[in-house]
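Student: Could you take me through the charged side chains of this model, pair by pair? I would like to know where the partners sit and how much of each one is covered.

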Amino acid sequence: MGFPDNRLRRLRKSESMRRLVRETTLSVDNLVFPLFVRNGKGLKEPIRTLAGCFHFSSDTVAKEAQETAKLGIPAVLLFGQPTKKDKTGSEAWSENGAVQLAIKQIKEAVPEMIVITDVCLCAYTDTGHCGLIKNGKIDNDATCELLAKVALSHAQAGADIVAPSDMMDGRVGAIRQCLEKNGFPDVAIMSYAAKFASAFYGPFRDAAESSPDVTTGLADRRSYQMDPANAREALAEIALDIEEGADIMMIKPALPYLDIIYRARQRFDCPIAAYNVSGEYMMVHASAAAGHIDLDAAMTAVLTSIKRAGADIIITYFAKELAKKLND
Ligand code: PBG
(Lines give C-alpha, C1' and ligand atoms only; values in the text may rest on other atoms or scores of the structure.)
Protein backbone atom coordinates (compact mmCIF):
# COMPACT_ATOMS: atom_id res chain seq x y z
CA MET A 1 0.00 0.00 0.00
CA GLY A 2 1.06 3.54 -0.68
CA PHE A 3 1.61 5.85 -3.55
CA PRO A 4 0.60 5.57 -6.40
CA ASP A 5 -2.19 3.14 -5.33
CA ASN A 6 -3.24 5.60 -2.67
CA ARG A 7 -3.82 9.12 -3.88
CA LEU A 8 -5.75 11.05 -1.22
CA ARG A 9 -6.26 13.88 -3.69
CA ARG A 10 -8.83 11.72 -5.57
CA LEU A 11 -11.43 12.67 -2.99
CA ARG A 12 -10.62 16.38 -3.17
CA LYS A 13 -11.22 16.91 -6.87
CA SER A 14 -14.53 18.81 -6.75
CA GLU A 15 -16.78 20.48 -4.21
CA SER A 16 -19.35 17.66 -4.53
CA MET A 17 -16.65 15.09 -3.81
CA ARG A 18 -15.37 17.12 -0.87
CA ARG A 19 -18.90 17.45 0.48
CA LEU A 20 -19.38 13.69 0.23
CA VAL A 21 -16.41 12.90 2.47
CA ARG A 22 -16.52 15.93 4.78
CA GLU A 23 -16.13 14.88 8.42
CA THR A 24 -17.32 18.05 10.12
CA THR A 25 -20.21 20.28 9.10
CA LEU A 26 -21.38 23.45 10.76
CA SER A 27 -25.09 23.78 11.46
CA VAL A 28 -27.32 26.59 12.70
CA ASP A 29 -28.76 24.03 15.15
CA ASN A 30 -25.76 24.34 17.46
CA LEU A 31 -25.36 28.12 17.52
CA VAL A 32 -25.91 30.48 20.41
CA PHE A 33 -26.01 34.24 19.76
CA PRO A 34 -24.95 36.57 22.63
CA LEU A 35 -27.07 39.69 23.23
CA PHE A 36 -26.44 42.69 25.47
CA VAL A 37 -29.29 44.38 27.31
CA ARG A 38 -29.71 47.57 29.33
CA ASN A 39 -32.65 49.30 30.95
CA GLY A 40 -34.44 51.80 28.78
CA LYS A 41 -36.67 51.97 25.72
CA GLY A 42 -36.01 51.79 22.02
CA LEU A 43 -32.27 51.24 22.44
CA LYS A 44 -30.12 49.81 19.68
CA GLU A 45 -26.65 51.26 20.14
CA PRO A 46 -23.65 49.85 18.30
CA ILE A 47 -20.97 48.43 20.62
CA ARG A 48 -17.75 50.16 19.67
CA THR A 49 -15.49 47.23 20.60
CA LEU A 50 -17.65 44.46 19.09
CA ALA A 51 -18.22 44.93 15.36
CA GLY A 52 -21.84 44.40 14.34
CA CYS A 53 -23.12 43.98 17.93
CA PHE A 54 -25.48 46.27 19.84
CA HIS A 55 -26.73 47.25 23.27
CA PHE A 56 -30.49 46.65 23.32
CA SER A 57 -33.30 47.49 25.71
CA SER A 58 -35.84 44.81 26.65
CA ASP A 59 -38.29 45.93 23.94
CA THR A 60 -35.81 46.06 21.05
CA VAL A 61 -34.06 42.85 22.08
CA ALA A 62 -37.29 40.93 21.51
CA LYS A 63 -37.23 42.04 17.88
CA GLU A 64 -33.61 41.03 17.57
CA ALA A 65 -34.47 37.61 19.03
CA GLN A 66 -37.22 37.29 16.44
CA GLU A 67 -34.75 37.96 13.63
CA THR A 68 -32.31 35.52 15.19
CA ALA A 69 -35.02 32.84 15.31
CA LYS A 70 -35.93 33.49 11.67
CA LEU A 71 -32.37 32.56 10.74
CA GLY A 72 -32.88 29.20 12.49
CA ILE A 73 -30.67 29.95 15.50
CA PRO A 74 -32.22 28.14 18.47
CA ALA A 75 -30.71 30.05 21.40
CA VAL A 76 -29.55 33.43 22.67
CA LEU A 77 -27.30 34.22 25.63
CA LEU A 78 -28.20 37.37 27.56
CA PHE A 79 -25.77 39.73 29.26
CA GLY A 80 -27.10 42.63 31.32
CA GLN A 81 -25.92 45.94 32.61
CA PRO A 82 -27.37 47.72 35.63
CA THR A 83 -28.45 51.34 35.86
CA LYS A 84 -26.37 51.56 39.06
CA LYS A 85 -23.50 49.42 40.32
CA ASP A 86 -23.05 48.73 44.03
CA LYS A 87 -20.97 46.69 46.46
CA THR A 88 -22.96 43.47 46.18
CA GLY A 89 -24.17 43.87 42.61
CA SER A 90 -27.78 43.87 43.83
CA GLU A 91 -29.34 44.84 40.50
CA ALA A 92 -28.26 41.43 39.21
CA TRP A 93 -31.20 39.78 40.98
CA SER A 94 -33.71 42.62 40.66
CA GLU A 95 -37.09 41.67 39.22
CA ASN A 96 -36.89 44.78 37.05
CA GLY A 97 -33.33 44.26 35.92
CA ALA A 98 -32.61 44.54 32.21
CA VAL A 99 -32.05 40.78 31.85
CA GLN A 100 -35.18 39.79 33.78
CA LEU A 101 -37.33 42.12 31.64
CA ALA A 102 -35.63 40.96 28.43
CA ILE A 103 -36.30 37.29 29.21
CA LYS A 104 -40.03 38.01 29.55
CA GLN A 105 -40.20 40.04 26.35
CA ILE A 106 -38.25 37.49 24.31
CA LYS A 107 -40.31 34.56 25.60
CA GLU A 108 -43.48 36.46 24.77
CA ALA A 109 -42.35 37.36 21.24
CA VAL A 110 -40.59 34.06 20.39
CA PRO A 111 -41.68 31.32 22.81
CA GLU A 112 -39.55 28.66 21.10
CA MET A 113 -36.33 30.65 21.54
CA ILE A 114 -34.08 29.07 24.17
CA VAL A 115 -33.11 31.89 26.50
CA ILE A 116 -29.80 31.38 28.27
CA THR A 117 -28.65 33.93 30.84
CA ASP A 118 -25.16 34.75 31.99
CA VAL A 119 -25.10 34.53 35.79
CA CYS A 120 -22.36 36.69 37.24
CA LEU A 121 -21.78 39.83 39.30
CA CYS A 122 -18.90 41.56 37.49
CA ALA A 123 -21.09 43.93 35.45
CA TYR A 124 -23.11 44.77 38.59
CA THR A 125 -20.49 45.27 41.32
CA ASP A 126 -18.73 48.62 41.70
CA THR A 127 -15.45 46.67 41.93
CA GLY A 128 -15.89 44.95 38.56
CA HIS A 129 -15.19 41.61 40.20
CA CYS A 130 -17.29 38.46 39.77
CA GLY A 131 -17.56 38.04 43.53
CA LEU A 132 -17.90 39.91 46.81
CA ILE A 133 -14.70 41.25 48.29
CA LYS A 134 -14.02 40.67 51.99
CA ASN A 135 -10.70 41.55 53.63
CA GLY A 136 -9.08 42.08 50.26
CA LYS A 137 -10.16 38.66 48.95
CA ILE A 138 -13.02 37.27 46.92
CA ASP A 139 -15.43 35.65 49.38
CA ASN A 140 -16.27 32.39 47.60
CA ASP A 141 -19.15 31.04 49.68
CA ALA A 142 -20.96 34.36 50.19
CA THR A 143 -20.73 34.91 46.43
CA CYS A 144 -22.31 31.50 45.73
CA GLU A 145 -25.38 32.52 47.73
CA LEU A 146 -25.79 35.69 45.67
CA LEU A 147 -25.28 33.83 42.39
CA ALA A 148 -28.06 31.42 43.38
CA LYS A 149 -30.31 34.45 43.91
CA VAL A 150 -29.42 35.78 40.46
CA ALA A 151 -30.08 32.41 38.82
CA LEU A 152 -33.41 32.09 40.62
CA SER A 153 -34.51 35.56 39.46
CA HIS A 154 -33.71 34.54 35.87
CA ALA A 155 -35.66 31.29 36.27
CA GLN A 156 -38.62 33.21 37.69
CA ALA A 157 -38.56 35.50 34.66
CA GLY A 158 -38.67 32.46 32.37
CA ALA A 159 -35.07 31.57 31.47
CA ASP A 160 -34.57 28.08 30.03
CA ILE A 161 -30.88 27.78 30.91
CA VAL A 162 -28.78 29.68 33.44
CA ALA A 163 -25.06 29.97 32.81
CA PRO A 164 -22.82 30.82 35.78
CA SER A 165 -19.60 32.46 34.54
CA ASP A 166 -18.01 33.52 37.81
CA MET A 167 -15.75 30.48 38.54
CA MET A 168 -16.49 30.31 42.27
CA ASP A 169 -16.14 26.82 43.75
CA GLY A 170 -19.47 25.16 44.47
CA ARG A 171 -21.66 27.66 42.65
CA VAL A 172 -23.26 25.07 40.37
CA GLY A 173 -24.36 23.07 43.42
CA ALA A 174 -25.67 26.20 45.14
CA ILE A 175 -27.67 27.17 42.05
CA ARG A 176 -28.97 23.65 41.47
CA GLN A 177 -30.21 23.35 45.09
CA CYS A 178 -31.80 26.78 44.99
CA LEU A 179 -33.65 26.03 41.73
CA GLU A 180 -34.81 22.66 43.06
CA LYS A 181 -36.03 24.15 46.35
CA ASN A 182 -37.95 26.93 44.63
CA GLY A 183 -39.81 24.84 42.09
CA PHE A 184 -37.57 25.14 39.03
CA PRO A 185 -36.19 21.61 38.64
CA ASP A 186 -36.41 21.84 34.85
CA VAL A 187 -34.21 24.87 34.39
CA ALA A 188 -30.91 23.67 32.92
CA ILE A 189 -27.47 24.85 33.95
CA MET A 190 -24.83 25.53 31.34
CA SER A 191 -21.71 25.90 33.43
CA TYR A 192 -18.76 27.98 32.35
CA ALA A 193 -16.91 24.95 33.72
CA ALA A 194 -13.42 25.54 32.38
CA LYS A 195 -13.12 29.29 32.08
CA PHE A 196 -9.57 30.53 31.72
CA ALA A 197 -8.19 33.91 32.78
CA SER A 198 -7.75 35.39 29.33
CA ALA A 199 -6.66 38.46 27.42
CA PHE A 200 -9.34 37.58 24.87
CA TYR A 201 -12.17 38.99 27.04
CA GLY A 202 -10.99 42.56 26.44
CA PRO A 203 -13.62 43.75 23.93
CA PHE A 204 -16.40 42.20 26.04
CA ARG A 205 -15.26 43.98 29.20
CA ASP A 206 -15.29 47.27 27.36
CA ALA A 207 -18.81 46.51 26.17
CA ALA A 208 -20.10 45.36 29.57
CA GLU A 209 -18.02 47.88 31.54
CA SER A 210 -16.90 45.00 33.73
CA SER A 211 -13.14 45.36 34.03
CA PRO A 212 -11.80 44.75 37.55
CA ASP A 213 -11.09 47.96 39.46
CA VAL A 214 -7.37 47.97 40.26
CA THR A 215 -7.88 50.09 43.39
CA THR A 216 -9.45 47.02 45.05
CA GLY A 217 -5.96 45.53 45.19
CA LEU A 218 -7.18 42.73 42.92
CA ALA A 219 -6.15 43.80 39.45
CA ASP A 220 -7.25 40.69 37.58
CA ARG A 221 -9.39 37.56 37.84
CA ARG A 222 -6.58 35.05 38.25
CA SER A 223 -7.61 34.00 41.76
CA TYR A 224 -10.83 32.55 40.35
CA GLN A 225 -10.52 32.04 36.58
CA MET A 226 -8.21 29.22 35.50
CA ASP A 227 -4.51 29.38 34.75
CA PRO A 228 -4.09 29.07 30.94
CA ALA A 229 -1.31 26.54 31.51
CA ASN A 230 -3.57 23.90 33.08
CA ALA A 231 -5.37 21.13 31.19
CA ARG A 232 -5.84 18.41 33.81
CA GLU A 233 -7.33 20.98 36.17
CA ALA A 234 -9.87 21.91 33.48
CA LEU A 235 -11.05 18.29 33.39
CA ALA A 236 -11.32 18.30 37.19
CA GLU A 237 -13.46 21.48 37.02
CA ILE A 238 -15.77 19.84 34.48
CA ALA A 239 -16.09 16.63 36.53
CA LEU A 240 -17.09 18.65 39.62
CA ASP A 241 -19.70 20.66 37.75
CA ILE A 242 -21.28 17.49 36.37
CA GLU A 243 -21.45 16.14 39.92
CA GLU A 244 -23.00 19.37 41.18
CA GLY A 245 -25.82 19.15 38.66
CA ALA A 246 -24.83 21.11 35.55
CA ASP A 247 -26.26 19.91 32.23
CA ILE A 248 -23.95 21.47 29.64
CA MET A 249 -20.23 22.06 30.18
CA MET A 250 -18.63 25.07 28.58
CA ILE A 251 -15.01 25.70 27.75
CA LYS A 252 -13.97 29.29 27.28
CA PRO A 253 -12.24 30.80 25.33
CA ALA A 254 -12.39 28.35 22.41
CA LEU A 255 -9.47 28.80 20.02
CA PRO A 256 -6.53 28.83 22.46
CA TYR A 257 -8.15 25.86 24.25
CA LEU A 258 -9.05 23.44 21.45
CA ASP A 259 -7.01 20.77 23.25
CA ILE A 260 -9.27 21.12 26.30
CA ILE A 261 -12.39 20.79 24.14
CA TYR A 262 -10.90 17.67 22.57
CA ARG A 263 -9.92 16.11 25.89
CA ALA A 264 -13.28 16.92 27.47
CA ARG A 265 -15.03 15.31 24.49
CA GLN A 266 -12.98 12.12 24.97
CA ARG A 267 -13.59 11.98 28.71
CA PHE A 268 -17.20 13.09 29.22
CA ASP A 269 -20.51 12.19 27.58
CA CYS A 270 -22.38 15.41 28.40
CA PRO A 271 -23.03 18.17 25.83
CA ILE A 272 -19.99 20.39 25.47
CA ALA A 273 -20.20 24.06 24.56
CA ALA A 274 -17.36 26.32 23.48
CA TYR A 275 -17.38 30.11 23.69
CA ASN A 276 -15.68 31.80 20.75
CA VAL A 277 -15.11 34.95 22.81
CA SER A 278 -15.00 38.64 21.99
CA GLY A 279 -11.24 38.85 21.45
CA GLU A 280 -11.25 35.85 19.13
CA TYR A 281 -14.08 37.43 17.17
CA MET A 282 -12.42 40.82 16.92
CA MET A 283 -9.10 39.28 15.93
CA VAL A 284 -10.79 37.99 12.79
CA HIS A 285 -12.79 41.19 12.24
CA ALA A 286 -9.90 43.58 12.72
CA SER A 287 -7.62 41.51 10.53
CA ALA A 288 -10.24 41.36 7.79
CA ALA A 289 -10.89 45.10 8.08
CA ALA A 290 -7.16 45.70 7.61
CA GLY A 291 -7.28 43.59 4.47
CA HIS A 292 -5.11 40.77 5.80
CA ILE A 293 -7.64 37.93 5.67
CA ASP A 294 -11.02 37.14 4.18
CA LEU A 295 -13.69 37.48 6.90
CA ASP A 296 -16.00 34.77 5.62
CA ALA A 297 -13.30 32.15 5.06
CA ALA A 298 -11.61 32.93 8.38
CA MET A 299 -14.93 32.72 10.26
CA THR A 300 -15.66 29.32 8.71
CA ALA A 301 -12.18 28.00 9.48
CA VAL A 302 -12.38 29.15 13.11
CA LEU A 303 -15.85 27.75 13.80
CA THR A 304 -15.11 24.48 11.99
CA SER A 305 -12.02 23.97 14.15
CA ILE A 306 -14.10 24.38 17.30
CA LYS A 307 -16.65 21.83 16.10
CA ARG A 308 -13.96 19.44 14.88
CA ALA A 309 -12.27 19.57 18.29
CA GLY A 310 -15.51 18.23 19.77
CA ALA A 311 -17.82 21.08 20.74
CA ASP A 312 -21.54 20.37 20.30
CA ILE A 313 -22.59 23.94 20.92
CA ILE A 314 -20.79 27.08 19.73
CA ILE A 315 -21.47 30.44 21.35
CA THR A 316 -20.36 33.09 18.89
CA TYR A 317 -20.88 36.69 17.82
CA PHE A 318 -20.64 35.26 14.28
CA ALA A 319 -23.88 33.28 14.77
CA LYS A 320 -26.09 35.42 12.55
CA GLU A 321 -23.45 35.82 9.89
CA LEU A 322 -22.79 32.09 9.78
CA ALA A 323 -26.51 31.28 9.77
CA LYS A 324 -27.04 33.56 6.75
CA LYS A 325 -24.22 31.81 4.94
CA LEU A 326 -25.48 28.31 5.82
CA ASN A 327 -29.05 29.20 4.81
CA ASP A 328 -27.97 30.44 1.38
C1 PBG B 1 -18.56 37.55 32.96
C2 PBG B 1 -18.23 37.15 31.57
C3 PBG B 1 -17.14 37.54 30.76
C4 PBG B 1 -17.36 36.96 29.51
C5 PBG B 1 -18.54 36.25 29.59
N6 PBG B 1 -19.06 36.37 30.88
C7 PBG B 1 -16.00 38.45 31.03
C8 PBG B 1 -15.00 38.13 32.07
O9 PBG B 1 -14.94 37.05 32.63
O10 PBG B 1 -14.26 39.06 32.36
C11 PBG B 1 -16.50 37.13 28.30
C12 PBG B 1 -17.17 36.94 26.97
C13 PBG B 1 -16.38 37.42 25.79
O14 PBG B 1 -15.23 37.85 25.91
O15 PBG B 1 -16.94 37.35 24.68
N16 PBG B 1 -17.83 36.96 33.96
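Tutor: Happy to; here is a walk through the salt bridges, followed by a charged patch and one polar contact. Please keep in mind that this is a predicted model.

The structure contains 14 salt bridges. A good one to start with is E64 and K320, whose closest N and O atoms are 2.7 Å apart. E64 belongs to helix α2 (residues 58–70) and K320 to helix α11 (residues 319–327), so this pair ties together parts that are 256 residues apart in sequence. How accessible is E64? Its relative accessibility is 6%, and since buried means under 20%, E64 counts as buried. K320 is buried too, with a relative accessible area of 15%.

Next, look at D241 and R171, which form a salt bridge with 3.4 Å between the closest N and O atoms. This pair also links distant parts of the chain: D241 lies in helix α7 (residues 232–244) and R171 in helix α5 (residues 171–181), 70 residues apart. Both D241 and R171 are buried. Elsewhere, E15, R18 and R22 are joined into one network by salt bridges that share partners.

The pair K134 and D139 brings together one exposed and one buried residue. Their side chains meet in a salt bridge at 3.5 Å, N to O. K134 has a relative accessible area of 53%, and because exposed means over 50%, K134 counts as exposed. D139, in contrast, is buried at 19%.

Now for charges outside these pairs. R7, R9, R10 and R12 form a positive surface patch. If you want to find R10 on your display, look in the segment before α1 (15–21). R10 has 43% relative accessibility and counts as partly exposed, and the patch criteria ask for over 30% relative accessible area and no salt bridge.

Finally, an uncharged side chain deserves a glance. S278 lies in helix α9 (residues 278–289), and this serine is buried, with a relative accessible area of 1%. A polar atom of the S278 side chain lies 3.0 Å from the backbone nitrogen of F204.

To pull the salt bridges together: E64 and K320 connect helix α2 with helix α11, D241 and R171 connect helix α7 with helix α5, and K134 and D139 pair an exposed lysine with a buried aspartate.

Terms used
Residues are numbered from 1 along each chain as its sequence is written. This is a predicted model: local features need pLDDT of at least 70, side-chain atom pairs count only at pLDDT 80 or more; totals for chains, interfaces and linings use all residues. Side-chain values use heavy atoms; hydrogens and water are left out. A salt bridge is a side-chain nitrogen of Lys or Arg within 4 Å of a carboxyl oxygen of Asp or Glu. Helices (H or I, at least four residues) and strands (E, at least two) are DSSP runs, numbered from the N terminus. Buried means under 20% relative accessible area, exposed over 50%, partly exposed in between (1.4 Å probe, protein chains only). Patches are made of residues with over 30% relative accessible area and no salt bridge: like charges are joined within 9 Å, nonpolar side chains (Val, Leu, Ile, Met, Phe, Trp, Tyr) within 5 Å. Accessible areas come from the Shrake-Rupley method with a 1.4 Å probe; for residues, only the protein chains shown count as cover. Lys and Arg count as positive and Asp and Glu as negative; His and the chain ends are not counted. The place of a charge is taken as NZ of Lys, CZ of Arg, CG of Asp or CD of Glu. A polar contact is a pair of N or O atoms within 3.5 Å; within protein, one must be able to donate a hydrogen and the other to accept it, and residues adjacent in sequence count only if both atoms are side-chain atoms.
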